[in-house]
Amino acid sequence: MSSLHRQERLLDIAGAGNPEELRKLREEEQNRLASVLSSSPVIQVIEELNELHDAVIVRILELAEIELARSGFGKPPVPYAYLLFGSGGRSEQTMSSDQDSGIVYGVPENGAEAERCCRYFRSLGRLVVERLVETGYPPCEGNVIASNPDWCLSIADWEQKLDGWFNEPSWEHVRYLLIVADGRFVYGDAELAARWKQRFYRDVLHQPVIAQRMMENTLRHKVLIGVFGQLLTESYGESAGSLDIKYGAYIPMVNVFRLLAVQAGIRETSTFGRIRALREAGKLAEQEAQEASEAFALFLRLRLMSMTKIENGQWVGTGKLPVKQLSHEWIKPLKKALRLGRKLQRQLEKGIRDRFGGR
Amino acid sequence: MIKKSLLAIGALLLLFPTMAFAADGEPPSSSMGLNALWVMIAAILVLLMQGGFILLETGSTRMKNAGHVAGKTIFTVGLCSLVYWAVGYGFAFGPNAGDGLNAFIGFGDFFFNPAIAAGPDDAYPATNFFVFQLAFAAVSLSIAWGGFAERAKLSVYLIFTFIFAGLIYPIIAHWIWGGGWLAEDGAQDFAGSTVVHLTGAMAALAATILLKPRIGKYNKDGSANEILGHNQVFTSLAVLLLWVGWFGFNAGSTLAVGDGFFGYVAFTTQLGAAGGAVAALLISWLVKGKADIGVTLNGALAGLVAITASCAFVEPWAAVVIGLIAGLLVFFSMAFFEKIRVDDPIAAMSVHGAAGIWGTLANGFFATPELVEKVGVGKAGLFYGGGFEQLWVQIVSFVVCGAFAFAASFVVLWIVKQVIGLRVTEEQEILGLDLSEHGNYGYPEVLKKPGTTSV
């Protein structure tokens, strides 16, 4: 697609006045991307798709600020940054992604100010989430979302919270840290977001053993390929014969490169970006990086292919792909990619076990 | 006072047991006494296997049917005993059939009325043999119930027990063990891979084909749903009970203490079971990526079923191989039956059918000349210079017995289906057979009868 079209669309979004308009623009653009998916490089489709999501989210935020001002809340009392987590944080959202988000805001000057900030940003979080639901983004099931007061804090509170998680790396806390690792600034004050991320990386550096806890937290999602090179598909139920692309291919790969990146102090949040940065830092050989990127691109493509559109224009997907529907020329590269995923997973496990010992 | 003297006499009898027999004249041979004891112990062990079947079938099915599944086994063991006493035993072992008829069926000893003790030439009392054989018939019947589970009417259990224990099972037992035509051919089935297990499995297959899958087992697109049993601990305990009971089943089939050969049979039995359990867990782990407990349990049973025919005919290494292959076989067989949409909740067709066939066949490969001579049935197998002869006999025996058991069961059940129907109504099946057939749930505090309030 021409970059001219892209610019036009982004301008349309930036000028949209309400969630309905944005929803319509989003659907049109998603339909277009779906139709070119089979004939375009998946990296490009994912990039355009996430540019679209970002633009929609940014516009919703602008509209929400205006709406809050009109209803008497005034302007934001201190600078703030809106963060995306999960696939949004990794710039890997699909056509049917949900909302994972948080807010970090500047330090209020005094107690009265603190209360005002708290009230304002909680209202903002609630409003933005609500408007995004209207635009077709369902809320996060795990409640990692800006409307949840736990994920809407001042930078000082955030820093305290992060330190607490690092000091007591229980299963739950490590899960939060993994979420934070994928956090990405999308709107507001970029410096605030950078400071927030800086604290995470400072603590990781002080506590290298956290990598082991992170690994243990992600190990339950194994790459779904068996010892005979067979695809480990679902045995029962409506999705019998389907391969769980999301949890058996995509997520394990995300987990591997997140951990490698965090260990290397790399702040990229997209998996492609992490692979590239790891190669540049000399942590991955040229060939390895190339193969990993190709495998990941395939998983992303299959993940997009596992989504279908239902009547009201909504995209839904379980992330599971019926293997029978895959034509023959897909199976071989898929198995190759899965084997690579398994190899990487094991290498990482072994490396961390050698360093910190088994459990 | 009376108590004390009784105690004294009892103690004296223990010290000088011959005193008690002194007045009876001719004492029976000591080997007869030992044989009798061993066969009775074995019979008790095999009867105790019903405890295994109760837990196996109940654990592998759902709570709402638990009372029915468990309790009906006690009923059918009772009914089976009466029917087998009245006619079944006579058709299997009755001595009065003419030469022509005897190839097909035994005749005589109906309403069995045995001598109260062994005669001077008997190896053991006829009563012990009867009880032992009856326990086998009951095992075969309980295997068949696997194919009926969670959807057949109670009345069908009643009718089928009559026909199966009275005729179908006795005919096959007669063919191989009662001097029938396969016995004359030298078919090797030491303790009943074919006679007991394949026969039961074929009846189960006929039943499940006629009954059709349980509600909710298959989706419209043909994919299967997993209907998990409600208690894996029951199922595991069941396997252990069956495993232990199997020592009576196999080692007891020597019917003699003699030179201690029964110990060898117990030994190969243990190796076969072990091989089955290990192979099944590993293959499910390798193929599915998760080690399946249900498959492992069925693997142990498949190892036992397979070694049942061959336990007295093969060397230790072969027993291990037979068990290992049975474990692999049961895994693939379960997947196969599920794929062809045969709903077999207890895996009876795989555990008792596929492994039963394999065990019978295995003799044709692994039977050693030395052991064949010892047991005195058939010839050595292919790997021991026996050529294909024994293998062919084994093939014929399982094909013919399997086909007969299937056809006879199918015809009987088909007629029952036409006349009174086999299956409970949809509503009854959803509500559970505990309620529809017996009026109360086996787990009354967990499952509430519709229209009642909790106490």
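## Chain B: the overall build

In chain B, 53% of the 455 residues are buried. Keep in mind that this is a predicted model.

The secondary structure here is all about helices: chain B has 18 of them and 0 strands. Its radius of gyration is 23 Å, close to the 23 Å that the globule rule gives for 455 residues, so chain B is as compact as a globular protein of that length. If you'd like dimensions, the C-alpha trace spans about 75 × 70 × 45 Å along its principal axes.

What about contacts along the sequence? Taking the chain B contacts between residues at least 6 apart in sequence, 75% join residues at least 24 apart.

## Chain A: the sheet

Over in chain A, 4 strands make an open sheet, and they line up as β3-β2-β1-β4 with mixed pairing. At the edges sit β3 (152-154) and β4 (184-188) of chain A, each pairing on one side only. Neighbouring strands of the sheet are turned by 25° against each other on average, direction ignored.

Which way do β2 and β3 of chain A pair? Strand β2(A), residues 101-105, runs parallel with β3(A), over 3 bridges. Within this part of the sheet, A:Tyr105 stands opposite A:Ser154 in β3(A).

## Chain A: helices on the sheet

Two helices are worth a look here. Helix α6 of chain A (residues 155-167) packs on the sheet and touches β2 and β3 of chain A. The direction of α6(A) makes about 105° with that of β3(A).

Helix α3 of chain A (residues 42-70) lies across β1 (80-84) and β4 of chain A. Relative to β4(A), helix α3(A) runs at about 40°.

Note on methods:
Residues are numbered from 1 along each chain as its sequence is written. Chains are lettered from A and ligands numbered from 1 in the order in which they are written. This is a predicted model: local features need pLDDT of at least 70, side-chain atom pairs count only at pLDDT 80 or more; totals for chains, interfaces and linings use all residues. Helices (H or I, at least four residues) and strands (E, at least two) are DSSP runs, numbered from the N terminus. The radius of gyration is taken over C-alpha atoms; the globule rule is 2.2 Å times the number of residues to the power 0.38. A residue is buried if 20 or more other C-beta atoms lie within 10 Å of its own, exposed if 12 or fewer, and partly exposed in between; C-beta atoms are placed from the backbone. Two residues are in contact if their C-beta atoms, placed from the backbone, lie within 7 Å. Two strands pair if DSSP finds at least two bridges between them. Axes are lines fitted to C-alpha atoms, for helices over the stretch in contact, and angles run from 0 to 180 degrees between N-to-C directions.
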